[in-house]
Amino acid sequence: MNHITAAASSVPPTHLQAGTKHPAHTSAGLVGDTPLLWIGAPFTAARRGFWAKLEGHNPGGIKDRSALYMVRAARERGQLTPGARIVESTSGTLGLGLALAGNAFGHPVTVVTDPGMEPLMSGLLTAYGARIEVAETPHPTGGWQQARRDRVGELLARHPGAWCPDQYNNPDNVAAYAPLAHELVAQLGRIDTLVVSVGTGGHSAGIASVLRDSFPHLRVVGVDTTGSTIFGQPAAPRLMRGLGSSIYPRNVAYGLFDEVHWVAAPEAVWAARELARRHYATGGWSVGAVALVARWLARTQSAEHRIVTVLPDGPHRYLGTVFDDAYCREHDLLGHPPAEDPDEIARPADRVVTRWTRCTHITDPLTRTAAHALTGAVR
């Protein structure tokens with residue numbers, strides 16, 4: 001079975017944790033050693049389930065890990081000088097992590113976002129001392145993400161000595177998640193399948209690369225959103241935040257993935273709400289998306305197959321979106337329960353997907369585009 005029997009056989013799996021945290025003298029000391037929760041019936045099929053790493057137990061969410069690591073590494077290399085301003089593009093969660101890192105290391109923080117940031121998130125960032133800049137017009141091809149990055153460039157030019165972590169391409173964003181992977185190994189002992197959302201590519205690459213070293217036959221399942229370009233679909237307007245992209249982050253480790261699932265917003269909302277109702281543990285768009293996929297994998301694999309997924313944050317920033325009936329009705333997100341099984345395509349370019357869809361052929365879209373351009377030039 002999927003239950004842990006070593007060292008804690010008398011403890012129900014829903015109560016299993018890595019251990020008790022020691023008292024912390026700073027908020028940064030609260031990051032890491034997050035609990036693991038067994039998600040079974042009635043969210044899943046009877047006698048099936050998966051393990052969920054609850055990264056919402058960090059002060060700001062999973063990206064506290066990468067923010068602290070990137071800032072510390074930049075300071076050690078001399079790229080970030082004492083007291084210099086940190087400027088970065090974010091849809092929210094990394095902003096909280098950078099505010100935490102700025103507080104810990106003594107740096108003012110400016111986060112560049114767009115009009116889609118939730119008012120609750122803007123309020124939190126302001127309360128934690130971050131300055132907020134809003135990009136007002138999406139880039140014609142790169143969408144809001146490219147517009148935010150362009151605004152970051154303007155601010156860096158305006159503030160000599162300021163530093164940008166560049167979470168999309170910074171290898172420190174990947175290295176930051178090695179401790180999370182080691183926590184999973186200590187907590188579970190064996191992992192057969194890892195289910196992870198993909199946005200900047202940081203936590204998926206950082207966790208999967210370490211786990212693959214420990215478990216060579218590990219299956220890695222990436223979860224993206226419809227309308228995202230990461231795995232070769234065309235860009236389209238995206239309601240979901242925290243996963244997906246309209247640009248091509250270089251931290252995405254395409255070679256680590258065995259399959260990808262695209263999930264639509266109504267499907268993620270259904271799963272996030274159902275997870276909350278059934279297990280009193282949930283989060284936003286990314287959490288709903290990965291939980292939906294892990295639920296399906298638990299049903300289609302043997303009971304002994306050990307599946308773990310990472311829930312990047314908690315529900316609080318989504319009280320005005322995922323968990324707000326008026327918002328969900330306005331965007332037609334309610335009353336659309338997902339199918340029992342995903343649709344399937346052989347290759348990402350086969351067709352534009354608009355509902356939960358699975359593909360086991362993974363390629364780097366930029367590599368493919370370059371190859372096509374080279375072929376055309378030869379012709």
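In what order do the 8 strands of the open sheet run?

## The sheet

In this predicted model, the order is β1-β2-β9-β6-β7-β8-β11-β10, and the pairing along the sheet is mixed. At the two edges sit β1, covering 36–39, and β10, covering 343–344; each of these strands has a partner on one side only. As a general reminder, strands of a sheet pair through backbone hydrogen bonds, in either the parallel or the antiparallel sense.

Let's step in from the β1 edge. Strand β2 (residues 50–54) runs parallel to strand β9 (residues 307–311), and 4 bridges link the pair. If you would like a spot to look for in the viewer, try Trp51, which stands opposite Val308 in β9.

## A helix on the sheet

Helix α8, residues 265–279, packs on the sheet, where it touches β1, β8 (259–263) and β9. The direction of α8 makes about 100 degrees with that of β1.

## Two helices that cross

Now to another pair of elements: helix α1 (residues 63–77) packs with helix α2 (residues 93–105), their axes 8 Å apart and at an angle of about 45 degrees. Angles from 65 to 115 degrees would count as roughly perpendicular and those under 35 as roughly parallel, so α1 is oblique to α2. Their crossing is right-handed.

Which residues meet here? From α1 they include Leu68, Met70, Val71 and Arg72, while the α2 side includes Leu94, Gly97, Leu98 and Phe105. Sorted by class, the contact of α1 with α2 holds 11 nonpolar, 3 polar and 4 charged residues. Among the charged ones in α1 are Lys63, Asp64 and Arg75.

Technical notes
Residues numbered from 1 in each chain as written. Predicted model: local features only at pLDDT ≥ 70, side-chain atom pairs only at ≥ 80, totals over all residues. Heavy atoms only, no water. Pairing = 2+ DSSP bridges. Contact = heavy atoms within 4.5 Å. Axes fitted to C-alpha atoms, helices over the stretch in contact; angles between N-to-C directions. Parallel < 35°, antiparallel > 145°, perpendicular 65-115°, else oblique. Left-handed = near helix turned anticlockwise from the far one by under 90°.
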